[in-house]
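Let's take a walk through this one together. Have your viewer open and follow along.

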Amino acid sequence: MKFKAAVLRKSGLPHPYAASRPLSIETVEVPPPAAGEVIVGIKAASLCHSDLSVVNGDRAWPMPIVPGHEAAGVVEEVGPGVHSVKPGDHVALIFLTQCGECEHCIAGKPSLCARGTQANREGRLLSGGPRLRSDGQAIHHHMGFSAFAQYALVSEKSLVKIPDDLPFVEASLFGCAVMCGAGTALYSAGIRPGQSVAVFGLGGVGLSAVLGAVTAGAARIIVVDPG
Ligand SMILES: [Zn+2]
Ligand SMILES: [Zn+2]
């Protein structure tokens, strides 16, 4: 399948980006999904600061790469052995790829999955790759899916089925901001009902931490943001 994607070939280009134009819209290609892989039509992709860190070079990733790691969309095609979703299903894509089989995944701490983290760091899918190509050249995946594109070829373990009536824009935030912010409030911080909570920074992650604190029953929530 061929589609358009925003390709980053070199990080750390000078400001302003309107002049240096680090991202180029290119036609890329992916093969049909292999076993355990899914092609998703991207309907919404959020912009996270971690995407900017890819562009400005604060975080080193293999180049070239298609950034984007918060997204939601519709399943277009599934590879052999995929049973959790079918074409037409709505899904949110999650950047924390989890194998589901290692000691951390089995212990209920998939964010520590070493296989998923290694695949992400190498710019490939948990199931292999990189699968993206542009004029025959390999293009790396960002966090297991590369959302700044019309489609994404992903591991089945990089997506979660969502209700059809959940708007795609809101659903895309579950892939990073909600997972990080609400996840921190509910699980890492372990907020208990009645506690007081301070959240520093009200970007997507901070706002999601507030949602998590509300969900956990915090009595008082203090937010600190430079505005
Ligand atoms: Zn993010
Ligand atoms: Zn694992």
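Is Arg 21 buried or exposed? With a relative accessible area of 60%, Arg 21 is exposed, since the cut-off for that label is over 50%. Keep in mind that you're looking at a predicted model. Arg 21 sits in the loop between α1 (17-20) and β2 (23-29), and its phi is near 45 degrees, a positive value in a residue other than glycine.

There's another backbone angle of that kind further along: Met 143, again not a glycine, has a positive phi near 55 degrees. You'll find Met 143 in the loop between β8 (137-141) and β9. Here the surroundings are another matter, as Met 143 has 9% relative accessibility and so counts as buried. Glycine gets a turn too, with Gly 190 taking a positive phi of about 60 degrees just after α6.

While we're on the backbone, check the omegas. Met 63 and Pro 64 are joined by a cis peptide bond, with omega at about -15 degrees, and Pro 64 belongs to the loop between α2 and β4 (65-66). Gly 129 and Pro 130 are also linked by a cis peptide bond, this time with omega at about 10 degrees. Pro 130 is in the loop between α4 (114-121) and β7 (132-134).

Now for the metals. Ligand 2, a zinc ion, is held by the SG atoms of Cys 99, Cys 102, Cys 105 and Cys 113, at 2.3 Å. Angles among the 4 donor atoms run from 104 to 117 degrees, and the site is tetrahedral. Read along the chain, the donors of this zinc ion follow the pattern C-x2-C-x2-C-x7-C. Of these cysteines, Cys 99 and Cys 105 are buried.

The zinc ion that is ligand 1 has another donor set: Cys 48 through SG, His 69 through NE2 and Cys 176 through SG, at 2.0 to 2.2 Å. The sequence spacing of these donor residues is C-x20-H-x106-C. Cys 48 comes from the loop between β3 and α2, while Cys 176 comes from the loop between α5 (168-172) and α6, so the pair ties together parts that are 128 residues apart in sequence. Cys 48 is buried at a relative accessible area of 14%, and Cys 176 is buried as well, at 4%.

Stay around α5 for a moment. Pro 167 lies in the loop that runs between β10 (159-161) and α5, and at 44% relative accessibility Pro 167 is partly exposed. Its C-alpha is 9.2 Å from that of Ala 44, although the two residues are 123 apart along the chain.

On the other side of Cys 176 in sequence comes helix α6 (residues 177-188), whose buried residues include Ala 177, Val 178, Gly 181, Ala 182, Gly 183 and Ala 185. What do the buried residues of α6 pack against? They pack against α7 (204-216).

Next, the nonpolar interior. The largest nonpolar core has 23 residues, and the ones with the most contacts inside it are Val 38, Val 40, Val 85, Leu 93, Phe 145, Val 154 and Leu 159. Two or more residues each come from β3 (37-45), α2 (49-56), β5 (71-78), β6 (90-93) and β9 (151-155). Of these, β3 gives the most, with 3 residues. Leu 159 is a good one to click on: leaving out residues up to four places away in sequence, it touches Val 38, Val 40, Val 85, Val 91, Ala 92, Leu 93, Ile 94 and Val 154. Another core lies apart from this one, with 14 residues, among them Phe 3, Leu 132, Phe 148 and Ala 149.

Finally, is there any empty space inside? Rolling a probe the size of a water molecule over the atoms reveals where space is left empty. Searching the whole structure turns up 1 cavity of 30 Å³ or more, and the largest cavity holds about 40 Å³ of space. Its lining includes Phe 3, Ala 5, Val 30, Leu 132, His 141, Phe 145, Ser 146 and Ala 149. The elements giving two or more residues to this lining are β1 (2-8) and β9, and β9 gives the most, with 3 residues. Phe 145 is worth a second look, being among the residues with the most contacts inside the largest core and also part of the cavity lining.

How values were computed:
Residues numbered from 1 in each chain as written. Chains lettered and ligands numbered in written order. Predicted model: local features only at pLDDT ≥ 70, side-chain atom pairs only at ≥ 80, totals over all residues. Heavy atoms only, no water. Donors = N, O, S within 2.8 Å, 3.2 Å for Na, K, Ca; no water. Tetrahedral: all angles 85-135°; square planar, octahedral: opposite > 155°, others 65-115°. Buried < 20%, exposed > 50% of the residue type's maximum accessible area, 1.4 Å probe, protein only. Core = buried A, V, L, I, M, F, W, Y, C linked by side-chain atoms within 4.5 Å. Helix = DSSP H or I, 4+ residues; strand = E, 2+ residues; numbered from the N terminus. Contact = heavy atoms within 4.5 Å. 1 Å grid on protein atoms, 1.4 Å probe; cavity = no way out; pocket = protein on both sides within 12 Å on 5 of 7 lines; lining within 4 Å. Points joined across faces, edges and corners; volume = space filled by probe spheres on them.
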